Amino acid sequence: MEHKILFFIESQWPLLLGAVALIIMIFKGPLTRRAVGIHEVDPATAVQLINHEDAVIIDVREQKEWSQGHLPGARHIPLGDLPKYMQDLEKHRGHHVICQCASGMRSSRAAASLKKAGFDKIYSLRGGIGAWRSAGLPIEK
């Protein structure tokens, strides 16, 4: 039995290496976010933070995406422009801040930047505006 396992590993190492790489790619994002203290929130939790904790929403999508609709009350700061707005965002340091994009990838990067800048209550909207829309929540234009 042990010989068969070793033979399989030796003969299928490229396939196994690819599988390991795929698993790492799948879990890297969530594990990295958790390790640096960035929490993902679903739309329902985001609504609670907005309504009860006066959370600030930062939409990091590009202008074209923003123009197609955004969360009510969100501030538009494209991800690439975030460093320029850090000083302006200082007034929100003690608030809950929810970063939001189309799917949750760019918002995670924005949240990591804010966390690195010393913001403590940072969240990324899991699933982005797509999840928000799927939950039937309002959009502004």
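# Briefing: salt bridges, a nonpolar patch and two packed helices

At 65% relative accessibility, Lys84 counts as exposed, because the cut-off for that word is over 50%. Lys84 is a handy place to start, since a salt bridge links Lys84 to Asp81. Please keep in mind that this is a predicted model. The chain has 141 residues, and buried residues make up 33% of them.

**Overall layout**

- The chain contains 7 helices and 5 strands.
- If you walk along the sequence, these elements come in the pattern α-α-β-α-β-α-β-α-β-α-β-α.

**Salt bridges**

- The structure holds 7 salt bridges, and three of them are introduced here, among them the pair formed by Lys84 and Asp81.
- In the Lys84 and Asp81 pair, the closest N and O atoms are 3.3 Å apart.
- Asp81 has 25% relative accessibility and so counts as partly exposed, while its partner Lys84 is exposed.
- Lys91 and Asp88 also meet through their side chains, in a salt bridge of 3.4 Å from N to O.
- Lys91 is exposed at 55% relative accessibility, whereas Asp88 is partly exposed, with a relative accessible area of 31%.
- Salt bridges with shared partners join Asp88 and Lys91 with Arg75 into one network.
- The side chains of Arg61 and Asp59 form another salt bridge, at 2.8 Å from N to O.
- Are Arg61 and Asp59 buried or exposed? Both residues of this pair are buried, which means that each has under 20% relative accessible area.

**A nonpolar patch at the surface**

- Ile5, Leu6, Phe8, Ile9 and Leu16 make a nonpolar surface patch of about 420 Å².
- Which helix gives the most to this patch? That is helix H1 (residues 2-11), with 4 residues.
- Ile9, one of the patch residues, lies in helix H1.
- The relative accessible area of Ile9 is 41%, so Ile9 is partly exposed.
- Ile9 can belong to the patch because patch residues need over 30% relative accessible area, and Ile9 has 41%.

**How H5 and H6 pack**

- Two packed helices are described by the angle between their axes and the distance between the axes.
- For helix H5 (residues 82-89) and helix H6 (residues 105-116), the angle is about 50° and the axes are 11 Å apart.
- H5 and H6 are therefore oblique to each other, because angles under 35 degrees would count as roughly parallel and those from 65 to 115 as roughly perpendicular.
- The crossing in which H5 passes H6 is right-handed.

**Two loop residues to look at**

- Ala102 sits in the loop between strand S4 (97-100) and H6.
- With a relative accessible area of 32%, Ala102 is partly exposed.
- How many residues apart in sequence are Ala102 and Trp66? They are 36 residues apart in sequence, and their C-alpha atoms are 9.5 Å apart in space.
- Asp54 is found in the loop between helix H3 (43-53) and strand S2 (56-59).
- Most residues other than glycine have a negative phi.
- Asp54 has a positive phi of about 55°, although it is not a glycine.
- Asp54 is exposed, with a relative accessible area of 54%.

Technical notes: Residues numbered from 1 in each chain as written. Predicted model: local features only at pLDDT ≥ 70, side-chain atom pairs only at ≥ 80, totals over all residues. Heavy atoms only, no water. Patch = residues over 30% accessible without salt bridge, like charges linked within 9 Å, V, L, I, M, F, W, Y side chains within 5 Å. Areas by Shrake-Rupley, 256 points an atom, 1.4 Å probe, with all protein chains shown as cover. Salt bridge = Lys/Arg side-chain N within 4 Å of Asp/Glu carboxyl O. Buried < 20%, exposed > 50% of the residue type's maximum accessible area, 1.4 Å probe, protein only. Axes fitted to C-alpha atoms, helices over the stretch in contact; angles between N-to-C directions. Parallel < 35°, antiparallel > 145°, perpendicular 65-115°, else oblique. Left-handed = near helix turned anticlockwise from the far one by under 90°.
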